[in-house]
Amino acid sequence: MRCLLVLSLFLYTYALYPQRNEIRQYDSLDGLWTFVREQSNTNGTGLVNQWYLSDLSTFPNATQIPVPSAYNDLVEQREWRDHVGWVWYQLKYTPAQRDQGLRTFLRFESVNYFAMVFLNDKNVGNHTGGHLPFEFEVTFDYTKINFITVAVNNTLSNSTIPPGEFQYKTEVYTINGQPYSVYPDGFFEQTPDFDFFNYAGILRSAYVLKLGSVFISDVWIIAQANGSLSYTITLDKSTTGLTANVTVSSLQPTTGTIVYSGTGLQNSAIVQNIELWYPRGYGYPSLYVMEAKLLNGTQVIDIYRETFGFRTVTWDSDKIYINGKPFYCHGFGAHEDFELHGRGYNPVVMIKDLNTMEWMNGNCYRTSHYPYSQERAYEADRRGIAVITETPAVGMRLFDNTNLALHKYMLTEMIQRDKNHPSVIAWSMSNEPQTYKNESKAYYQQLANVSRTLDSTRPVTNVLDTNWDDDQIAEWLDIICINRYYGWYSNTGYLQTIANSYIGNFLAWKQKFNKPMILTEYGAGAIAGLTREPGVDFTEEYQVEVIRRVHMALDELRKNGTITGEMIWNFADFMTSQSTTRAAGNHKGVLTRNRQPKMAAYVIKDRYYNLTVELANATSATSTSSATATSSGSTQSTITSSNSSTNPSNAVSARNYASMCASIILGLILLFAMSV
């Protein structure tokens, strides 16, 4: 597996989100793919026998599986749902003759966990880790049907991110000289180090991209609240004599108004009379579109359009500020999880979830515990929902160089993908790592340095469940995010202890580290329809009682400036591995898994409405020292900050970024090569 990982890192290509326009085209590969499942935990039967050379539809156990979707819940067989090891996808693709002469790429938005991609008889590349996109340049045979084959492995270990336990088990009784084995030969148990189901397969859309001989491979936009605009356009290869015409237009409310025009692959300017992007409740989420036309002389050879917003995120020891306004996050932890397709991308579920978040008056969410789809990021931009974007690193417990190299790479992938989204206000390095361990200190210091080097315009955070007196990494964070479950995992049933537990714990963190803090998880489980008075654990009444007691503490902590946000866990019930503490999943959601409200949803809806009104009144009545904004969001003066400069030269350029990415990749290759 380590040899394969080296190859995957070497072949990976960063890329912009797929786009159709006057120059660019793509074919969607979404639909039904041939699917073959190996026996669990083989040594790679399909690889040994070169299944990618075969028409998998002729195999006796072949079926069809939709892409995008997890495969686990689509068949009424325990072996499918709990499969560990290799599965194979294959699609027959006939390229159009008119596309000869174009450069073509196979792109996958998310494959979980390890993917080997084949075109006909060639392994064109591999990728490690779900939830982030990858692509490989390919050459189709225009004289025949081409076979696109993807082998996927979902095995977890100490060196995967996220990690898991993989253990062979034996137990034998000897009765009257005869052995009686409890476990069949080769029996193993895979236990994820995280509390959600390990859905696997091709989870998001797949494409064939069709591009010219030279094209725009990246656009990095830094747009601040004082009108400062800088951009860097990166081409897929070094070419002399090319330039770009760049325009920036308002998308709303004055659609089409050009506010900037310039030339060159890199430039900066101060744009006058801009309208700012604000989160819900603080103003309008104004968006702009940058159009970059790549020119060879007078000929347009590529076009890319990227939406973005002018906004600045700053922070001090107590608060987060967006465009100079103190921002209080009231939102949700969630999962991309739904019945049948698991974590597979579904635009219907995505829109329903965002609409329901708005119905409950939320203004933010965290992408727990992995980056969500990029379609969702664009929707958050449009709706004005602030997002803390998190890597797939949940439950980290081994802080060695192997995991550090992979973790850096995933952090880099995530920042590269989402850097232009104004809705993304912070980067989270991981969720609930074992940061009481001394070795975690240097590990996370390096990760924080990577994040700040790549993007100096957003704060760095990590979601902690450690204690204030033994955590090793909080000093490296700009914002401290904490998960706590008083009244649920501790002091269950003793409601009178909840408020003071939260207040005391958060004041202790504040006293030691003096940084802005967000409660990123709290709550209690409730089986929908299970009621009892007085409430007991897993009843809807008890869930409501716990939540209300937490809110008493949060009101106190908010008033004394200790916290700058709160997120209920969870938005909706979600599936987990089997456990006696998980009755067909985790039921901490304020909605059921099919998105119907429990009693707690109405409590959250009312609280978030009241917070929205209160914060809006406070914002309109307060004139901040760093900026003054009109109700329409147009900036009146320059925003300044000691921790997030508005000078574009202080933010990393795309070229420096590419250089850093190359260094990380080279280091990974050498590291894994030496470990083989």
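1. N146 is buried in this predicted model, and its relative accessible area is given as 0%. Because the cut-off for burial is a relative accessible area under 20%, N146 falls within the buried class with its value of 0%. The residue belongs to strand β10, which covers residues 146-153.

2. As for the polar surroundings of N146, its side chain reaches the backbone oxygen of K144, and the distance is 3.1 Å. Once the neighbours within four places in sequence are set aside, N146 is in contact with L91, K92, Y93 and P95, with L119 and N120, and with F140 and D141.

3. A second buried residue to inspect is R458, for which the relative accessible area is 4%. R458 lies in the loop that runs between α7 (440-454) and β31 (460-464), and, because buried means under 20% relative accessible area, its 4% places this arginine in the buried class.

4. The side chain of R458 takes part in two contacts that deserve a look in the model: one reaches the backbone oxygen of V424 at 2.6 Å, while the other is a polar contact of 2.7 Å with the side chain of D455. Apart from neighbours within four places in sequence, the residues in contact with R458 are R311 and W315, together with D418, K419, N420, H421, V424, I425, A426 and W427. V424 therefore appears both as the residue whose backbone oxygen is reached by the R458 side chain and in the list of residues in contact with R458, where contact means heavy atoms within 4.5 Å.

5. On the cysteines, the structure holds one disulfide, and the residues joined are C329 and C364, with an S to S distance of 1.9 Å. The link of C329 and C364 is right-handed, with 65 degrees about the S-S bond. This pair connects distant parts of the chain, since C329 sits in strand β27 (residues 329-333) and C364 in strand β28 (residues 364-366), the two being 35 residues apart. Both C329 and C364 are buried.

6. Which cysteine sulfur is nearest to that of C481, a residue in no disulfide? The nearest one is that of C329, at 8.5 Å; because a disulfide requires cysteine sulfur atoms within 2.5 Å, C481 is left without a disulfide at this distance of 8.5 Å. C481 also counts as buried, with a relative accessibility of 0%.

How values were computed: Residues are numbered from 1 along each chain as its sequence is written. This is a predicted model: local features need pLDDT of at least 70, side-chain atom pairs count only at pLDDT 80 or more; totals for chains, interfaces and linings use all residues. Side-chain values use heavy atoms; hydrogens and water are left out. Helices (H or I, at least four residues) and strands (E, at least two) are DSSP runs, numbered from the N terminus. Buried means under 20% relative accessible area, exposed over 50%, partly exposed in between (1.4 Å probe, protein chains only). A polar contact is a pair of N or O atoms within 3.5 Å; within protein, one must be able to donate a hydrogen and the other to accept it, and residues adjacent in sequence count only if both atoms are side-chain atoms.
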